[in-house]
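The exercises below are meant to be worked through with the sequence and the structure side by side. Each one sets a task, and a solution then goes through it step by step.

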Amino acid sequence: MSLINLLQKQVESRAQAVCQNRNRSLPVELGKSGFEPMGNGVQFIKQHYLLDSSHCDYSSNVARILWNNQNELWELTIPSEEGESWMPYPFLFKSTDLTALTREVEKDPKSYIWE
């Protein structure tokens, strides 16, 4: 298994833990957390529900954690205001520590990600 495959498995398992932890403590009306694997990382998704429904009404992309091969760092990005492009997360954009980035996504201390 190549280094990239090992890193992908690592980020996916951490993303799954983030989503499980967030979903455990939030009612469905506030939205549920999910993720999708991407090349060299994951994209986090917030699933929105109607008040009287158990089915997802729509979803929105909220963050990405991607491995930058050139710099050998993890990068955390969030959608721009317009939602058409991705911009660096202003408080912790790059790190060699995947745990620090996933903790930032899970806890969202500045309310930039899951708002």
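**Exercise 1.** In which helix does T102 lie? Decide also whether T102 is buried or exposed, and find its contacts beyond the neighbours within four places in sequence.

*Solution.* The model is a predicted one, and every value used here is computed from it. Begin with the position: T102 belongs to helix α2. Next take its accessibility, which is 6% in relative terms, and since buried means under 20%, T102 counts as buried. Finally, once the neighbours within four places in sequence are left aside, T102 is in contact with R14, V18 and I65.

**Exercise 2.** Carry out the corresponding steps for E106, and then give the separation of its C-alpha atom from that of V28.

*Solution.* E106 is found in helix α2. Its relative accessible area is 19%, so E106 is buried, the limit being under 20%. When residues up to four places away in sequence are not counted, E106 touches V18, N21, R22 and W114. As for V28, which is 78 residues apart from E106 along the chain, the two C-alpha atoms are separated by 17 Å.

**Exercise 3.** Describe the largest nonpolar core: how many residues does it have, and which of them have the most contacts inside it?

*Solution.* A general tendency helps to frame the search: in soluble globular proteins, nonpolar side chains tend to be buried together. In this model the largest nonpolar core has 20 residues, and those with the most contacts inside it are F44, I65, W74, L76, V105 and I113. The elements that contribute two or more residues to this core are α1 (3–25), β2 (41–49), β3 (56–68), β4 (73–79) and α2 (98–107). Of these, α1 gives the most, with 5 residues. To look at one core residue more carefully, take I113, which, leaving aside neighbours within four places in sequence, is in contact with V62, A63, I78, Y89, E104, V105 and D108.

**Exercise 4.** How many aromatic pairs does a search of the whole structure find? Classify the pair formed by W67 and W74, and then the pair formed by Y89 and F91.

*Solution.* The search finds 5 aromatic pairs. For W67 and W74, the ring centres are 5.1 Å apart and the planes stand at 65 degrees; because an angle over 60 degrees counts as edge-to-face, this pair is edge-to-face. W67 counts as buried at 16% relative accessibility, and W74 is buried as well, with a relative accessible area of 2%. Y89 and F91 also form an edge-to-face pair, with 5.7 Å from centre to centre and 70 degrees between the planes. Here Y89 counts as buried at 1% relative accessibility, whereas F91 is partly exposed, with a relative accessible area of 43%. Together with Y112, Y89 and F91 form one aromatic cluster. To complete the surroundings of F91, note that the charged end of K110 sits over its ring, 5.1 Å from the ring centre.

**Exercise 5.** What volume does the largest pocket have, and which residues lie nearest its centre?

*Solution.* The volume of the largest pocket is about 310 Å³. Its lining consists of 13 residues, of which P79, S80, Y112, I113 and E115 lie nearest the centre. Turning to the elements, β2, β3 and β4 each supply at least two residues of this lining, and β3 gives the most, with 3 residues.

Technical notes
Residues are numbered from 1 along each chain as its sequence is written. This is a predicted model: local features need pLDDT of at least 70, side-chain atom pairs count only at pLDDT 80 or more; totals for chains, interfaces and linings use all residues. Side-chain values use heavy atoms; hydrogens and water are left out. A nonpolar core is a set of buried Ala, Val, Leu, Ile, Met, Phe, Trp, Tyr and Cys residues joined through side-chain atoms within 4.5 Å. Buried means under 20% relative accessible area, exposed over 50%, partly exposed in between (1.4 Å probe, protein chains only). Helices (H or I, at least four residues) and strands (E, at least two) are DSSP runs, numbered from the N terminus. Contact means heavy atoms within 4.5 Å. Rings of Phe, Tyr and Trp (its six-membered ring) pair if their centres lie within 6.5 Å; planes under 30 degrees apart count as stacked, over 60 as edge-to-face and the rest as tilted. A charge sits over a ring if NZ of Lys or CZ of Arg is within 6 Å of the ring centre and within 35 degrees of the ring normal. On a 1 Å grid over the protein atoms alone, a cavity is a set of points where a 1.4 Å probe fits but cannot get out, and a pocket is an open set with protein on both sides within 12 Å along at least five of seven lines; lining residues have an atom within 4 Å of a point. Grid points are joined across faces, edges and corners, and a volume is the space filled by probe spheres set on the points.
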